[in-house]
Amino acid sequence: MQPRNMSMSGVVDLAAVKAAQEAKAKAEQARAQAAREGGTGAVSPADLVIDVDEAGFERDVLQRSAEVPVVIDFWAEWCQPCKQLSPVLERLAVEYAGRFLLAKIDVDANQLLMQQFGIQGIPAVFAVVAGQALPLFQGAADETQIRQTLDQLVQVAEERFGLTGLTVDPDAQPGGQAPAQPQAGPYDALLNAAAQALDAGDLGGAVQAYKNVLADDPAHPEARLGLSQAELLQRVQDLDPQKVRQEAAEKPADVRAQIAAADLDLVGGHVEDAFGRLIETVQRTAGEDRDAARLRLLELFEVVGAEDPRVAGARRALARALF
C-alpha cells in the first residue's frame with residue numbers, strides 16, 4: 001500500500017513530512033477546541049458512512065481527512081461487485097468505531113471525481129489522509145484482505161499523522177455534532193512566514209522564522225522539522241553535485257566531502273546511502289572528524305523523522321560504530 005505524496009518508503013518527500021506535522025497539529029487543535037467547548041466531539045454510528053458528491057468533496061473528504069482517515073468507495077447502481085463490497089465496507093466502518101470514515105461516491109453522478117482519481121473500473125477504494133490520496137484496492141476483495149488493508153491504514157494514520165479517529169456515541173443524534181474547527185495556534189504567523197519563504201526560495205528567511213519559534217518553544221515539532229529541512233536545502237543549494245560526488249569518491253577519508261555527499265544523497269531520496277556513508281565515516285575517523293560526521297547524521301535523522309524504520313536501523317548501526 002504505497003500512498004501518493006507520502007513518505008513511507010523510498011524517496012524522502014519533504015512536503016509530505018510537513019503535511020504530516022500539520023495534520024498532527026490540526027488534529028490536536030480540534031480535540032483541544034472540543035474539550036474547551038465542553039463537548040466530546042462524538043458522532044453517532046450513522047455518521048460513519050456518508051454519501052459524498054463533487055460539491056461537498058472538499059468539506060466532507062479533504063477537510064475531514066485532517067481528523068480521521070476517509071475511505072472512499074467508488075460505486076454505481078449497475079455494478080454487481082459493488083453491491084457485494086459496499087455492505088462489507090459499511091459494516092466495517094461501524095465495527096471500527098470511528099477509526100475511519102466511509103465516503104460513498106456514485107461515479108455516474110460524479111464523473112469529474114472519477115477522472116481526478118484516475119479510476120479505470122469499479123469498485124475502486126481509495127483513502128484520503130491529511131489531504132493525501134492513497135489507493136487501497138480495485139475490484140473484488142475478500143473481507144480478510146479488506147481488514148488487513150484497513151488495519152494498515154489506521155496504523156499509518158495514527159503513527160504518521162496523529163489521527164486517532166472519531167469518538168462514537170451510540171446515543172448521539174446523527175449529524176448533531178459538527179466537527180470542531182481548529183483554532184489558530186500561537187506560532188501560526190511565524191510558521192506561515194516560514195512556509196512562504198520556502199515557496200519563494202528564501203531559505204535564509206525560512207531558517208530564521210523557524211528559529212524564532214524555537215527560541216520561545218525549543219521542542220515545537222513542526223518548527224524543529226522545518227528548520228532541519230530548510231537548513232538541509234540551504235546547504236545543498238549552491239553545491240555542484242558532480243564535483244561533490246567525485247571528491248567524495250576520490251577522498252573517502254575527507255569528512256567534509258562525505259558530509260556534503262550525504263546531504264545530496266538525502267535530498268535525492270537515497271536515504272540508506274546517506275546514512276550508510278556517514279556511519280562508515282564515523283567508523284573510520286576519530287576526534288573532531290568523527291563528531292562532525294555523527295552530528296550531521298543526527299541532523300539527517302531529524303529530516304527523515306524518528307518514526308521511519310530506516311532511522312531506527314541507522315541509530316543501531318551508529319551505536320555499533322561508536323562503541
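Here are a few questions and answers about strands and helices in this predicted model.

Q: Is strand β3 largely enclosed or not, and how many of its residues are buried?
A: Strand β3 covers residues 101-106. A residue is called buried when its relative accessible area is under 20%. The strand is largely enclosed by the rest of the structure, because the number of its 6 residues that are buried is 5.

Q: Which residue of β3 stands opposite Asp-51?
A: Strand β1, residues 49-51, runs parallel to β3, and 3 bridges join them. Across this pairing, the β3 residue opposite Asp-51 is Lys-104.

Q: How many bridges join strand β2 to β3?
A: Strand β2 spans residues 70-75 and runs parallel to β3. One facing pair here is Val-70 with Leu-101 of β3. The number of bridges joining β2 to β3 is 6.

Q: What is the handedness of the β-α-β unit that β2, α3 and β3 make?
A: Strands β2 and β3 run parallel. Helix α3, residues 80-95, joins β2 and β3 in making the β-α-β unit. That unit is right-handed.

Q: Why are α8 and α12 called oblique to each other?
A: Helix α8 (residues 221-236) and helix α12 (residues 287-304) pack with their axes 8 Å apart. Their angle is about 120 degrees. Angles of 65 to 115 degrees would count as roughly perpendicular and those over 145 as roughly antiparallel, and the helices are therefore oblique.

Q: What is the handedness of the crossing of α8 and α12?
A: The contact between these helices includes Arg-224 and Leu-232 of α8, and Glu-299 and Val-303 of α12. Their crossing is left-handed.

Key:
Residues are numbered from 1 along each chain as its sequence is written. This is a predicted model: local features need pLDDT of at least 70, side-chain atom pairs count only at pLDDT 80 or more; totals for chains, interfaces and linings use all residues. Side-chain values use heavy atoms; hydrogens and water are left out. Buried means under 20% relative accessible area, exposed over 50%, partly exposed in between (1.4 Å probe, protein chains only). Helices (H or I, at least four residues) and strands (E, at least two) are DSSP runs, numbered from the N terminus. Two strands pair if DSSP finds at least two bridges between them. A crossover is right-handed if, with the strands pointing away from the viewer, the path from the first strand over the helix to the second runs clockwise. Axes are lines fitted to C-alpha atoms, for helices over the stretch in contact, and angles run from 0 to 180 degrees between N-to-C directions. Angles under 35 degrees count as roughly parallel, over 145 as roughly antiparallel, 65 to 115 as roughly perpendicular and the rest as oblique. A crossing is left-handed if the near helix is turned anticlockwise from the far one by less than a right angle, and right-handed if clockwise. Contact means heavy atoms within 4.5 Å.
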